[in-house]
Amino acid sequence: MHILIVTDQHPESLGGVQVAIRMQRRALERLGHRVTVAAPALHRLGYSTAEPDRDAYIDLPSRSITRDREYSLTWPGRSADRRLANALATRPPVDLVHVQGDFWGAMIGVRAARGLRVPIVHTMHNHVDEGTRAVTPLAPLAFAGLRAWRQLVLGRPRGGVDPASRGAWRYLAELAADADAVTAPSQHFAEALRRHGVSSTVLVTPNGVDDEAVAAAREVPRSERTRPKLVWLGRMSHEKRVLEFIDAIALSGIDADIALHGAGLLLPRVEERIAALGLADRVTIPGPVPYPAALAALRDADALVQTSIGFETQGLTPFEAAALGTPTIFSDAEIADDVDVDQKWVVADGSVAALARALREAAAELAAAPGARRVDASAATRFLQSARSGEMLALYESVLSAARSA
């Protein structure tokens, strides 16, 4: 089988979706299938595609949209169509398009599937409603703009759209109307998509963690420590609530080593806030790190701190932490329910004060019994990509079977 994945951002850029796509591709290749990933070209300074990935990636013409050149936009239209078609002409025929984007990647993927006359599986990774409202007071106008853009690029939806869907959900429903199957990476987001009229049937297909990478990280001995180690991983943006996390650290007064892995538009403000609150003796910023190093940091930590609320459609990092034996301090109770392990702390509400209380509780318990609060290894297997890819492959085969009999 040859699967074409089309997504909003290059698979080597920073982000949980990108990690999930890389893991899915490798797992499917191990099963003997071919995976091609089409995405905007990455403009990160110094980046070049590694030799083993060159035949799997199709870099579409793009423009950088962030100051750090990490994220790009490809306009969905004839230029992108031609680039994609020319690249696919030298590859085996595509059997199925898996759209794993919610903006330009979704539109490019739908156009590609129409041209190739193959079915579409659409995994919706992005909480468009919550994410947009977190960054602009003009969210209703943004949603109208997205719908107009989709209409311009794709025309009328091919399938039915629930008239009860509104705003961002209406935009997603119009995208879903072109798909043969719609999936979401978590139960809570699948329920939200159904509840808001995006699709009446949304399958749950969680992203997994690379088996080999987890095994390698588990082999590395955990470092010595004199106080608990907490770790935070992610994009430093408003919806991730990283500034609220810094404030909670200061309010909690915990005696712990805290590392923030990641970068983003808020990085300068994060650095300023740490200095202003006198936290430099406890809080460090290693910055963005390669995936194996991120897993190693998770494995070595006593706890992961997850700070976003209502934004994540899965929240892959707590799954990665659990696979490595590391518990999480959850700000989002829905993610805690999806991960579903015994060792955890759940913040009572969305306030900085509540997060500070949870940090104090966790730090005290970790200091009192070093190494005792770990996720049992028997729970790790259900988070691995090998299990998840089998489920996705069964879905592909079901969609293809339905298309052949139609």
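# Notebook: two sheets and two cavities

I began with one pair of residues: Leu233 has His261 in β11 as its bridge partner. Before going on, I noted for myself that this is a predicted model.

**Entry 1, around that pair.** I looked up the strands next. Strand β10 covers residues 229-233 and strand β11 covers residues 257-261, and the two pair in the parallel sense over 5 bridges. I then asked myself in what order the strands of this open sheet come. I read the order as β12-β11-β10-β13-β14-β15, which makes 6 strands with parallel pairing. At the edges I found β12 (283-284) and β15 (344-346). Each has a single partner strand, so one side of each is left without a neighbour in the sheet.

**Entry 2, the other sheet.** I traced a second open sheet, this one of 7 strands, in the order β3-β2-β1-β6-β7-β8-β9. Its pairing is parallel too. The edge strands here are β3 (57-60) and β9, each of which pairs on one side only. From one strand to the next, I noted a twist that averages 25°.

A reminder I wrote in the margin: strands of a sheet pair through backbone hydrogen bonds, either parallel or antiparallel.

**Entry 3, a stop at β8.** I picked strand β8 (residues 181-184) and asked which way its side chains point. Ala181 and Thr183 point one way, Val182 and Ala184 the other way, and all are buried. That fits a rule I keep handy: in a regular strand the side chains alternate between the two faces of the sheet.

Then I checked the neighbours of β8. On β7 (residues 120-123), the pairing with β8 is parallel and runs over 3 bridges. Thr123 has Thr183 in β8 as its bridge partner. With strand β9 (residues 202-204), β8 again runs parallel, joined by 3 bridges. Here I found Val182 opposite Val202 in β9. Following the chain from β8 to β9, I passed through helix α7 (residues 187-195), and this β-α-β crossover is right-handed.

**Entry 4, the empty spaces.** How many cavities of 30 Å³ or more does a search of the whole structure find? I wrote down 2. The largest has a volume of about 110 Å³. Of the 13 residues that line the largest cavity, I listed those closest to its centre: Gln24, Pro206, Asn207, Gln385 and Met392.

I also wanted to know which helices take part. Both α1 (16-30) and α15 (385-405) supply at least two residues of the lining of the largest cavity. The most comes from α15, with 5 residues. By class, I counted 3 nonpolar, 8 polar and 2 charged residues in that lining.

**Entry 5, the second cavity.** The second largest cavity holds about 30 Å³ of space. I listed its lining as Arg222, Asp302, Leu366, Ala369, Pro370, Gly371, Ala372, Arg373 and Arg374. Sorted by class, the lining of the second largest cavity has 4 nonpolar, 1 polar and 4 charged residues.

Methods. Residues numbered from 1 in each chain as written. Predicted model: local features only at pLDDT ≥ 70, side-chain atom pairs only at ≥ 80, totals over all residues. Heavy atoms only, no water. 1 Å grid on protein atoms, 1.4 Å probe; cavity = no way out; pocket = protein on both sides within 12 Å on 5 of 7 lines; lining within 4 Å. Points joined across faces, edges and corners; volume = space filled by probe spheres on them. Helix = DSSP H or I, 4+ residues; strand = E, 2+ residues; numbered from the N terminus. Nonpolar A, V, L, I, M, F, W, Y, C, P; charged D, E, K, R; others polar. Buried < 20%, exposed > 50% of the residue type's maximum accessible area, 1.4 Å probe, protein only. Pairing = 2+ DSSP bridges. Right-handed = clockwise from strand over helix to strand, strands pointing away. Axes fitted to C-alpha atoms, helices over the stretch in contact; angles between N-to-C directions.
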